[in-house]
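Biologist: Hello! I am new to this structure, and I would like a close look at a single part of it. Could you take me through the disulfide and the chain that holds it?

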Amino acid sequence: MKKIALVALLAAISLAVVVALASPEYPIIISSIEIKDMDGNPRTEFHRGEVAVIETVFTANPTYYFVQPVSYLEIVEVFYGPRVMGLLLTRDTISAGEEKRFGGGILIRDTDPTGKYDVEVYAWNGFPSEMGAAWKPLAEPGYASFRVVP
Amino acid sequence: MRKVVLISVLALVALAAIAVAQVSLQISPSVAAWGSVVTIEVTAPAGSTCGVEIRNPYDNAVFTKQVDIPAAGYATAEWYVPPGAKEGTYTVYVSCGAAGTDKGTFKVVALKPVGGIVPEEPSLRALLAAGLLPAAAAVALIALRRRP
């Protein structure tokens, strides 16, 4: 009986570890991040004074079971190193089979530095300040970049 | 046998409780001037995914970051304080979900603190003392003398 209890305990601990380490399944896939100019042309480089338009596509994960529409906070953030050059936010919901598009422009000011700008896109269930311990990401982050040239 | 099972269950519950309490923030510096970088170190259980958020004194979000905690148990995020940032107390929130949350603050000032003391912003009197007004007077005098 002692052996059975020990084996059961070890099995329970192993299962807990596997569950804890397993990759979470997110309801959203950040399926596209495109950077364009104001005319809708894909661009990888911009000059000061131009607007870099960032368009994202969120797709409902086909393997995720949507009991009800999932509410999300989308964050599009542009960095130059540790410096936040732009921050775009939107809130929406997504259901099974849906695709959601969002876009916004970041003005590259005359005083902004030249070089590589990194775009990071997140899907969260809210801000950490709002959600507290209930905060969670709803997708793997998405990344893109563009350059600002003289 | 019952004792073994009971002790094992209690041990598992204790481990879970310890994991939940393991999220903490370290923010440096505590007073940051325009143009400096604030480093936020998040300590959390390895494998956690955490959301970091900075809010300014107007309670507007000025920075967000999602970090994955590696085996070392901590990750860092950096925020550059832009010139013109609202002076005052900024709040940093971190949540690693069920692993825990933490909150901290730092101050933003316009001028670089010297020896831990933040100097007053330059006043008109200080500008006068620096000689700007006399310089302007000298330019005006030269312009007058050059008049035909």
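Modeller: Here is a walk through the disulfide, followed by the chain around it and then the other chain. Please keep in mind that this is a predicted model.

Let us start with the link itself. Over all chains, the count of disulfides comes to one. Its partners are B:Cys50 and B:Cys96, whose sulfur atoms lie 2.1 Å apart. A disulfide is counted when two cysteine sulfur atoms are within 2.5 Å, so this pair qualifies. If you look along the S-S bond, the angle about it is 105°, and the link of B:Cys50 and B:Cys96 is right-handed.

Where do B:Cys50 and B:Cys96 sit in the chain? B:Cys50 belongs to strand S4 of chain B, which covers residues 49-55. B:Cys96 is found in the loop between strand S7 (88-95) and strand S8 (101-109) of chain B. The two cysteines are 46 residues apart, and the pair links distant parts of the chain.

Are B:Cys50 and B:Cys96 buried or exposed? The cut-off for buried is under 20% relative accessible area. B:Cys50 has 0% relative accessibility, so it counts as buried. B:Cys96 has a relative accessible area of 7%, and therefore it is buried as well.

Now for the chain around the link. Chain B has three helices and eight strands. Following the sequence, the pattern is α-β-β-β-β-β-β-β-β-α-α. Chain B has 148 residues, and 32% of them count as buried. Taking the contacts in chain B between residues at least 6 apart in sequence, 56% join residues at least 24 apart. The accessible surface of chain B is about 9100 Å², with 62% of it belonging to carbon and sulfur atoms.

Finally, a look at the other chain gives some context. Chain A contains two helices and eight strands. From its N terminus on, the elements of chain A run α-β-β-β-β-β-β-β-α-β. In chain A, 40% of the 150 residues count as buried. For contacts in chain A between residues at least 6 apart in sequence, 67% join residues at least 24 apart. Chain A exposes about 8200 Å², and carbon and sulfur atoms supply 57% of that area.

To return to your part of interest: find B:Cys50 in strand S4 of chain B, then B:Cys96 in the loop between strands S7 and S8, and you will have both ends of the disulfide in view.

Terms used. Residues are numbered from 1 along each chain as its sequence is written. Chains are lettered from A and ligands numbered from 1 in the order in which they are written. This is a predicted model: local features need pLDDT of at least 70, side-chain atom pairs count only at pLDDT 80 or more; totals for chains, interfaces and linings use all residues. Side-chain values use heavy atoms; hydrogens and water are left out. Helices (H or I, at least four residues) and strands (E, at least two) are DSSP runs, numbered from the N terminus. Buried means under 20% relative accessible area, exposed over 50%, partly exposed in between (1.4 Å probe, protein chains only). Contact means heavy atoms within 4.5 Å. Accessible areas come from the Shrake-Rupley method with a 1.4 Å probe; for residues, only the protein chains shown count as cover.
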